[in-house]
Amino acid sequence: MREFGLPGLFVDVMLEALGLPLPGETLIIVASGLAAVGQMNIFAVAATAFAAAVVGDNIGYLIGRKLGRPLIVRHGSRFGITHERLAAAEDLIQKRGPIVVAFARFFVLLRQLNGIAAGTAGMHWLRFLAANMVGAALWVGLWSSLAYHFGKDASILPRLWHQLSTIAMFAVPAIIIALAVAALFVWRRKGGSA
């Protein structure tokens, strides 16, 4: 990260937002951690990551809108964009629009397909842009501020990890049980047969 600085951060986050499987989120965390120890400026890191995320998604939107779905599906498999993945992302955008665009950035697969899927689904560009900017601000704000604040006091990380692992020890089985009960309930309401 130190060798490439802000330009490297911009290119990586932009290309990830465009659909390539790159570690944009990880680089935001690393750059923000470096800012916490005085090696980078946190405001420059956040502004660069925000701009890159918005630009990358808008290029993806333009590709989806102008070049169309067949071309994306034909060549997208080289980058992990399959027909099924794109169809699922498009379907979600058709149903939930701006909400999906704003929060897709927090989910790995949706983050890469967000702009492309919105463009192929025909979402209006101004709606996409507004939702995309909100999502980018939330995403960059979360990861840069967490990494920046935890980077100042690295001794807090082992304590935080211990607390999270204790919570997860109880929460994960509870979630699995709740999902199983819900699935059983739905199955019984449909007559108990496949």
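Read along the sequence, the protein chain shows the pattern α-α-α-α-α-α-α-α. The chain thus described belongs to a predicted model. In total, the protein chain has eight helices and zero strands. Two residues, M14 and I99, serve below as examples of a buried and an exposed position.

**The chain as a whole**
- Of the 194 residues in the protein chain, 35% are buried.
- The protein chain exposes about 11,300 Å², and carbon and sulfur atoms supply 72% of this area.
- When contacts between residues at least 6 apart in sequence are considered, 74% of them join residues at least 24 apart.

**A buried residue: M14**
- M14 is found in helix α1, which covers residues 5-18.
- The relative accessible area of M14 is 16%, and because buried means under 20%, M14 counts as buried.
- Leaving aside residues up to four places away in sequence, M14 touches A52, V55, G56 and I59.
- M14 and T48 are separated by 34 residues in sequence, while their C-alpha atoms are 9.8 Å apart in space.

**An exposed residue and its surface patch: I99**
- I99 has its place in helix α5.
- With a relative accessible area of 56%, I99 is exposed, because the term applies to values over 50%.
- I99 also contributes to a nonpolar surface patch of about 490 Å², which F103, F107, V134 and L138 make together with it.
- Helix α5 (98-104) and helix α7 (125-152) each supply at least two residues of this nonpolar patch.

Conventions
Residues are numbered from 1 along each chain as its sequence is written. This is a predicted model: local features need pLDDT of at least 70, side-chain atom pairs count only at pLDDT 80 or more; totals for chains, interfaces and linings use all residues. Side-chain values use heavy atoms; hydrogens and water are left out. Helices (H or I, at least four residues) and strands (E, at least two) are DSSP runs, numbered from the N terminus. Buried means under 20% relative accessible area, exposed over 50%, partly exposed in between (1.4 Å probe, protein chains only). Contact means heavy atoms within 4.5 Å. Patches are made of residues with over 30% relative accessible area and no salt bridge: like charges are joined within 9 Å, nonpolar side chains (Val, Leu, Ile, Met, Phe, Trp, Tyr) within 5 Å. Accessible areas come from the Shrake-Rupley method with a 1.4 Å probe; for residues, only the protein chains shown count as cover. A salt bridge is a side-chain nitrogen of Lys or Arg within 4 Å of a carboxyl oxygen of Asp or Glu.
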